[in-house]
Amino acid sequence: MLVGEIRDQETANIAIESALTGHLVLSTLHTNDAPSSISRLIEMGVEPFLVGSALDAVLAQRLARRLCNQCKEPYTPTAEALRGSGFPMESLDEGSTLYRAKGCNHCSNTGYRGRLAIHELMIVTEEIELLAVERAATEQLTKAAIAAGMQTLRHDGMAKVAMGLTSIEEIMRVVI
């Protein structure tokens with residue numbers, strides 16, 4: 001079952017009840033990240049025990065601009081700049097090269113051409129289900145999801161920076 005967007009309590013309840021009766025329900029819900037979706041559904045008036053039982057997984061996504069392959073400029077960032085952006089230092093080797101936007105005729109002097117997706121997949125574990133029932137804060141849900149193996153939007157974005165697909169500045173712009 002596809003629900004275009006969950007915006008109100010009635011739509012949320014229909015989607016949750018359908019999921020509980022065994023239907024695969026796919027929908028959109030506007031939140032900042034995957035763990036926030038649990039809090040958002042509860043705020044809409046869905047009973048917390050139903051939210052925890054109905055959800056299997058939540059995927060958060062953002063689109064980031066892709067660096068232009070014609071003009072992306074290599075540089076070696078300073079350690080302070082990397083720390084300031086929250087870049088995971090363990091993902092870079094000593095003296096690694098990152099890329100930044102420069103601009104050319106091919107990309108209309110923006111330094112970017114095309115888009116790429118940044119993802120965060122939260123699998124709803126028993127612990128996350130229990131936290132939903134307890135109406136836990138989003139921060140607690142996030143910690144539990146990360147402990148269960150979730151990679152955050154920022155971490156996925158920074159991995160794409162390390163691959164040379166986008167820039168640190170672009171990830172900082174699109175990920176809160």
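A salt bridge here is a side-chain nitrogen of Lys or Arg within 4 Å of a carboxyl oxygen of Asp or Glu. This is a predicted model, where local features need pLDDT of at least 70 and side-chain atom pairs count only at pLDDT 80 or more, while totals for chains, interfaces and linings use all residues. Residues are numbered from 1 along each chain as its sequence is written, and side-chain values use heavy atoms, with hydrogens and water left out.

**View 1. Arg100 and Glu73 pair up across two strands.** The side chains of Arg100 and Glu73 form a salt bridge, with N and O 3.0 Å apart. The partners come from distant parts of the chain: Arg100 is in strand β5 (residues 98-100) and Glu73 in strand β4 (residues 73-75), 27 residues apart. Helices (H or I, at least four residues) and strands (E, at least two) are DSSP runs, numbered from the N terminus. Arg100 has 35% relative accessibility and so counts as partly exposed; Glu73, at 28%, is partly exposed too. For these labels, buried means under 20% relative accessible area, exposed means over 50%, and partly exposed is in between (1.4 Å probe, protein chains only).

**View 2. Arg65 reaches Glu170.** There are 5 salt bridges in the structure, and in this one the closest N and O atoms of Arg65 and Glu170 are 2.9 Å apart. The pair ties together distant parts of the chain, 105 residues apart: Arg65 sits in strand β3 (residues 57-67), Glu170 in helix α8 (residues 168-174). Glu170 is buried because its relative accessibility is 0%, whereas Arg65, at 26%, is partly exposed.

**View 3. Asp156 and Lys160 meet within a helix.** N to O, this salt bridge spans 2.9 Å. Asp156 and Lys160 are 4 residues apart in helix α7 (residues 153-162), so about one helical turn separates them. Asp156 is buried at 11% relative accessibility, and Lys160 is buried as well, at 14%. Elsewhere, salt bridges with shared partners join Arg65, Glu170 and Arg173 into one network.

**View 4. Two charges sit over tyrosine rings.** Arg65 lies over the face of Tyr112, 4.0 Å from the ring centre. Lys72 puts its charged end over the ring of Tyr99, at 4.7 Å from the centre. To count, NZ of Lys or CZ of Arg must be within 6 Å of the ring centre and within 35 degrees of the ring normal.

**View 5. Cysteines without a disulfide.** Searching the whole structure turns up 0 disulfides (a disulfide being a pair of cysteine sulfur atoms within 2.5 Å). For Cys71, the closest cysteine sulfur is in Cys104, 3.7 Å away and too far for a bond. For Cys107, the closest is in Cys71, at 3.8 Å, again too far for a bond. Cys71 is buried at 9% relative accessibility, and Cys107 is buried at 4%.

**View 6. Met122 in the largest nonpolar core.** Such a core is a set of buried Ala, Val, Leu, Ile, Met, Phe, Trp, Tyr and Cys residues joined through side-chain atoms within 4.5 Å. This one has 40 residues, and Ile38, Leu41, Met122, Ile128 and Ile168 touch the most other members. Leaving aside neighbours within four places in sequence, Met122 is in contact (heavy atoms within 4.5 Å) with residues including Ala34, Pro35, Ile38, Val58, Ile128 and Met150.
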